[in-house]
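Visitor: I would like to learn how to read a model like this one, feature by feature. Could you take me through it, giving the general idea and then the case at hand?

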Amino acid sequence: MSQIASPPDPRIPRWLVWIGSIAIVFHLGAVGVNMLAAQSGPWADNYGRPTSPPFLASRIHEAFGADYLKPIRMNLNYHVLANRLPATPGVYLEFRLKDETGHEIATVRVPDETANPWVRHRQSLLLDIFTEDVQVLPPQSEVIAAPGREVPTVQFWEMDKGQLRLRTVDINQVPRDRPVSGPSPWMFLFARSYTRYLCHVHGAAKAEILRHHQDAIRPYVLDAETVPAGAFQEVTSNFGEHVP
Amino acid sequence: VRFWFTPIDPIGLHVTRLLTGSLLLAWLLLTFAGNLESLVGLHGWVDSRAFGDAARLAESLGLSKEQAPLVPGWSVLYWCNTSTALAVAFWASVAVVALFTLGFCSRVTGVLTWIVVASFTANPALEYEGDLLLLILSFYLMIGYLLMGQRRPGTPWSNRLFGPLLAWPLGPSLQDGDGEPRPSVAANVTLRLVQVHFALVIFTSGLHKLQFGDWWAGVALWFPLHPPFRTTLAEAMANKAHADTYLSLLNIATYATLAWQIGFPLFAWRPRWRPVLMGGAIVGWIGSAFLWGLPLIGPAMLIGCTSFVSPDGWRRALAWLPRRTSREAARSNQPSGIKSPESVGAVS
């Protein structure tokens, strides 16, 4: 070992080492505590609620780390979506753009198979919210509207002519003999926003939105003697027409 | 203290900057060029009205700010109210990142590059884990170039403020006075921060995978190999004839992925395990790009892993490049007095 032609920086004073050490410990400590403060697992507790994050870690994170990590944009706990992706269903959206007379002028598919992988991936991120419907539960007892008000309504999917279509009923009409599910309000929020964008770009007046959905084929099919008919088939859900 | 504050040859920092800058340019140009309005415009895929609706919806559902899905972070792009302003901001950002990549006034361009990355990753609707690796790399590089060379006696104020006009690879290394690399504490601290942060990310992500049955069962890689819409049931069942072999191979690949991630902190700092470190990163890149269709996370992870390469390792590798000068080659063949990360308590 030899030959440093240029001398190193002057020796670091002890106080600077201390300040640097404290800064490093605080920074990496905040990052580490944030990772520990993640909500545990996809499982629920005994009462069906999502399992709480570790108490101490989440308190320390809220007290010290959160306000520091957020502005420097390091506030993710690295329990990333990609880890739970394997068995998530495939989803793509189809927007049938129409003019004011209802004549179809264009069809746009999201993600766009012709876009480059970087853009296609960003489009697919938007669709994460469309992978899982929410269960629509009937009320435990009949809901009676307050004077001058109406009974709240809910929407759920019903199969009609090969497509799932939205059925809107008052909450007392939710079927009790079978489980039903419907789109989450977040799906509508994203779908409407994308509709506004597409109508603006294509000069359309409205758009009919269809979600194509297919469950991931699972490896048990290699062991199974038979697979139920219709399993893993593509299902189309019609969100109806939306005006920007 | 030795782990963090031993001066090292800054070549590793410069190479990390060059690789990160190149990836940032690819990310900006391939993702945003031609799609600016769609991705970050006020009337894009998720427009300003959607953000307002989301805030109201979150409130009506009683969600906290942390639980609500559309809470944007800060971004300088919010000041760009017109398409022209957005386009100007975008191309200025590309120029800033290109200059930082080349080593031009790296103190200033380092800070601006981090602001660019933070601004273009602010849209929560399009938030992606790979973006966070870019934020990690750009943040630590900013810190490194802000600090490097500040304590060198006789440094002119312009250099302290802006950094050298041109740093490696177009100019000499940041602190060169006579053509030899000057050891830098800032370079070591920066690379250590990158290393430790990446080790935490990879280790945590590995443990998180264990919370899902498909990873425990060793069949997680089945799903990207048989994606919905592109695989028919008949195609998947065609593997039935050799199901045992097929599932065994999937098990091995899945558990190897888990072992690499969870064991990462144990081998990452050990020079003898470098082939495992780099091999795993390269396989991860290929897998994430071709199996999962994720173009960004693989190269970002690979850059994080290259931060573990010692200065001597980089000198030897660069000596192989045809355009390197004979002086570089000669230097790489001489034992250096500059300490490499492995020699300063790497596993401490």
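**Reading the interface and the sheet**

Guide: Between chain A and chain B, three salt bridges cross the interface, a salt bridge being a side-chain nitrogen of Lys or Arg within 4 Å of a carboxyl oxygen of Asp or Glu. The model is predicted, and local features need a pLDDT of at least 70, side-chain atom pairs count only at pLDDT 80 or more, and totals for chains, interfaces and linings use all residues. Residues are numbered from 1 along each chain as its sequence is written, chains are lettered from A and ligands numbered from 1 in the order in which they are written, and side-chain values use heavy atoms, with hydrogens and water left out.

Visitor: Which residues form a salt bridge between chain A and chain B, and how far apart are the closest N and O atoms?

Guide: A:R218 pairs with B:D214 in a salt bridge whose closest N and O atoms are 2.8 Å apart. There are also 16 residue pairs in polar contact between the two chains, both residues being at pLDDT 80 or more; a polar contact is a pair of N or O atoms within 3.5 Å, where within protein one must be able to donate a hydrogen and the other to accept it, and residues adjacent in sequence count only if both atoms are side-chain atoms.

Visitor: Which element gives the most to the side of chain A that touches chain B?

Guide: Helices (H or I, at least four residues) and strands (E, at least two) are DSSP runs, numbered from the N terminus. On the side of chain A that touches chain B, α1(A) gives the most, with nine residues, and the elements giving two or more residues there include α1 (14–36), α5 (185–202) and β7 (206–214) of chain A.

Visitor: How many residues of each chain are in contact, and what area is buried?

Guide: Contact means heavy atoms within 4.5 Å, and here 79 residues of chain A are in contact with 92 residues of chain B. Buried area is the accessible area (1.4 Å probe) that two parts lose on being put together, summed over both; between chain A and chain B this is about 7800 Å², with carbon and sulfur atoms giving 68%.

Visitor: What is the order of the strands in the open sheet of chain A?

Guide: Strands of a sheet pair through backbone hydrogen bonds, either parallel or antiparallel. Two strands count as paired if DSSP finds at least two bridges between them, and in chain A the order of the six strands is β2-β1-β7-β8-β5-β4, with mixed pairing. At the edges stand β2 (104–110) and β4 (153–160) of chain A, each with a single partner strand, so one side of each is left without a neighbour in the sheet. Neighbouring strands of this sheet are turned by 30° against each other on average, direction ignored, where axes are lines fitted to C-alpha atoms, for helices over the stretch in contact, and angles run from 0 to 180 degrees between N-to-C directions.

Visitor: In which sense, parallel or antiparallel, do the strands pair?

Guide: Beginning at one edge, β1(A) and β2(A) run antiparallel and are joined by six bridges, with A:F95 opposite A:V108 in β2(A). The hairpin of these two strands has five residues between them, and A:G102 takes a positive phi near 90° there. Further along, β7(A) and β8(A) are antiparallel over seven bridges, and A:E208 has A:E241 in β8(A) as its bridge partner. The pairing of β5(A) with strand β8 (residues 235–242) of chain A is parallel, over two bridges, and A:L164 stands opposite A:S237. At the other edge, β4(A) pairs with strand β5 (residues 163–170) of chain A in the antiparallel sense over eight bridges, with A:Q163 as the bridge partner of A:D160.

Visitor: Which side chain meets that of A:E241 in a salt bridge?

Guide: The side chain of A:K98 does, at 2.8 Å from N to O. A:K98 lies in strand β1 of chain A and A:E241 in strand β8 of chain A, so the pair ties together parts that are 143 residues apart in sequence.

Visitor: Where does a cis peptide bond occur in the backbone?

Guide: The cis peptide bond joins A:V110 and A:P111, with omega about 0°, and A:P111 lies in the loop between β2 and α4 of chain A.

Visitor: Last, how should I read the confidence?

Guide: pLDDT is the predictor's confidence in each residue, from 0 to 100. Chain A averages 85, with 93% of its residues scoring at least 70, and chain B averages 85, with 87% scoring at least 70. Over residues 334–348 of chain B, pLDDT stays under 50. For the complex, the predictor gives an ipTM of 0.85 and a pTM of 0.87.
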